[in-house]
Each structure stands twice: as C-alpha cells, then as structure tokens.
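Got the viewer open? Let's take a short walk through this one, strand by strand and then ring by ring.

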Amino acid sequence: MKLNKNDDLIVIIDMINGFAFEGNFASENVAAMIPEMSIFIKEALQDGVEVIHYTDSHPKNAQEFKTYPVHCIENTKEALPVDALDFDGIEIIYKNSTNGFFSKNPFDYKKNIYIVGCVTDICVFEFALSAQKYKENFNLNENVNVIKKFVTTFDAPNHDANEVNEEYLNLLQSRGIKIVV
C-alpha cells in the first residue's frame with residue numbers, strides 16, 4: 001500500500017513494549033506484526049508521510065487502573081515504543097486513557113487517517129470510532145481507515161484474538177470506517 005504525503009496520515013496506537021514484550025498486557029500477537037509494520041512505517045516516512053504514535057503513559061495512580069490492570073507506567077520501559085518502530089520523525093503523543101483521540105485530535109493534520117496498532121477491541125476501536133464521529137459531526141471529507149493486517153488484540157480465556165479482532169473490525173466497518181485489506 002502506497003500512501004500520499006499530501007493526503008494521508010498514519011496513526012500508530014500503542015505499539016509499545018508494554019503491549020508487545022512485557023507487562024500485564026504483553027501479547028505475542030502484537031509482537032508478531034512488528035517486523036512487517038516496521039517496513040511499512042519506514043517506507044511511509046521515507047515518502048514523507050506524517051506518522052503519529054499514541055502511546056500509553058500512565059501515572060501510578062491512573063484512573064484507568066480501576067478498570068484495567070496496572071500497565072505502561074510513565075518513564076518505564078513498558079511505556080516506550082518498540083525499538084523497531086522508534087524512527088526519527090514520528091511524533092509521540094502520550095495518553096492516559098484507552099482513547100488517544102482525547103490527547104490530540106488527528107484531524108488537526110487535515111488528512112485521511114490510517115490506523116495501525118493494538119488493541120483492536122479497546123484502544124484502536126475507541127480511537128477509530130471517535131475519529132469517525134468527529135468527522136461526521138463536522139462534515140469532514142477525510143477518511144478514517146484501519147489497516148487490517150496491522151491491528152490485533154490479545155488472547156485470553158473467553159477472548160480469542162482472531163474472533164475478537166474480526167468482530168471489532170466488522171463493528172468499525174458498520175459505522176463507516178474503512179477496513180483496508
């Protein structure tokens with residue numbers, strides 16, 4: 001897939017150590033998509049496409065920890081981008097919520113948004129849905145897209161990653177978000 005530097009923006013969601021390699025939310029599914037995603041991001045940057053990365057970075061007393069296990073404490077290795085995606089030119093946006101849209105509105109860039117990252121059924125879903133609803137509210141022509149091969153979730157009891165991923169991609173599509181295959 002070739003993106004255009006004048007029209008497109010890549011939004012990375014939580015491709016950090018705490019979701020790929022260590023901590024309460026680390027997932028082999030996330031780690032597995034890093035090599036191919038890294039090539040995609042590197043090529044996009046070389047083509048001049050803007051890339052922003054929303055990353056969990058929580059204080060020790062984060063309100064989110066009332067709902068989810070402690071993870072990605074600010075100033076720890078868990079809260080850092082995975083090495084393979086730590087490129088110069090990527091703007092890091094720290095977030096203290098599952099929904100990065102509240103930390104920075106991606107439409108400030110006035111471009112089509114291509115979302116990659118994790119976790120499909122929480123952070124990716126909430127971000128993409130918020131972006132779509134913002135777009136609709138203000139009658140924007142930009143598109144919200146999710147790149148299917150670059151989003152995933154975790155496996156857990158009663159949470160099959162493949163099934164949950166498909167379910168949430170279908171939900172996003174039913175709400176007007178384009179799923180790019």
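A handy term before we start: a crossover is right-handed if, with the strands pointing away from the viewer, the path from the first strand over the helix to the second runs clockwise. Keep in mind that this is a predicted model.

**Stop one: β4 to β5.** Select strand β4 (residues 112-118) and β5; they run parallel, joined by five bridges. Add helix α3 (residues 120-137), and with β4 and β5 you have a right-handed β-α-β unit. To see one of the pairings up close, pick I115, whose bridge partner in β5 is V146.

**Stop two: β5 itself.** Colour residues 144-152 by accessibility: seven of the nine residues in β5 are buried, so to speak of the strand as mostly covered is fair.

**Stop three: on to β6.** Now show strand β6 (residues 178-180), which pairs with β5 in the parallel sense over three bridges. Follow the chain from β5 through helix α4 (residues 161-174) to β6, and you trace another β-α-β crossover, this one right-handed. Here I147 is the residue to click, with V180 as its bridge partner in β6.

**Stop four: the rings.** There are 10 aromatic pairs to look for. Start with Y54 and F127, a tilted pair at 4.9 Å centre to centre with 55 degrees between the planes. Y54 sits in strand β2 (residues 50-56) and F127 in helix α3, so this pair ties together parts that are 73 residues apart in sequence. Y54 counts as buried because its relative accessibility is 0%, and F127 is buried at 0% too.

Finally, select Y54, F101, F107, F127, Y134 and F138 together: they form one aromatic cluster.

How values were computed:
Residues are numbered from 1 along each chain as its sequence is written. This is a predicted model: local features need pLDDT of at least 70, side-chain atom pairs count only at pLDDT 80 or more; totals for chains, interfaces and linings use all residues. Side-chain values use heavy atoms; hydrogens and water are left out. Buried means under 20% relative accessible area, exposed over 50%, partly exposed in between (1.4 Å probe, protein chains only). Helices (H or I, at least four residues) and strands (E, at least two) are DSSP runs, numbered from the N terminus. Two strands pair if DSSP finds at least two bridges between them. Rings of Phe, Tyr and Trp (its six-membered ring) pair if their centres lie within 6.5 Å; planes under 30 degrees apart count as stacked, over 60 as edge-to-face and the rest as tilted.
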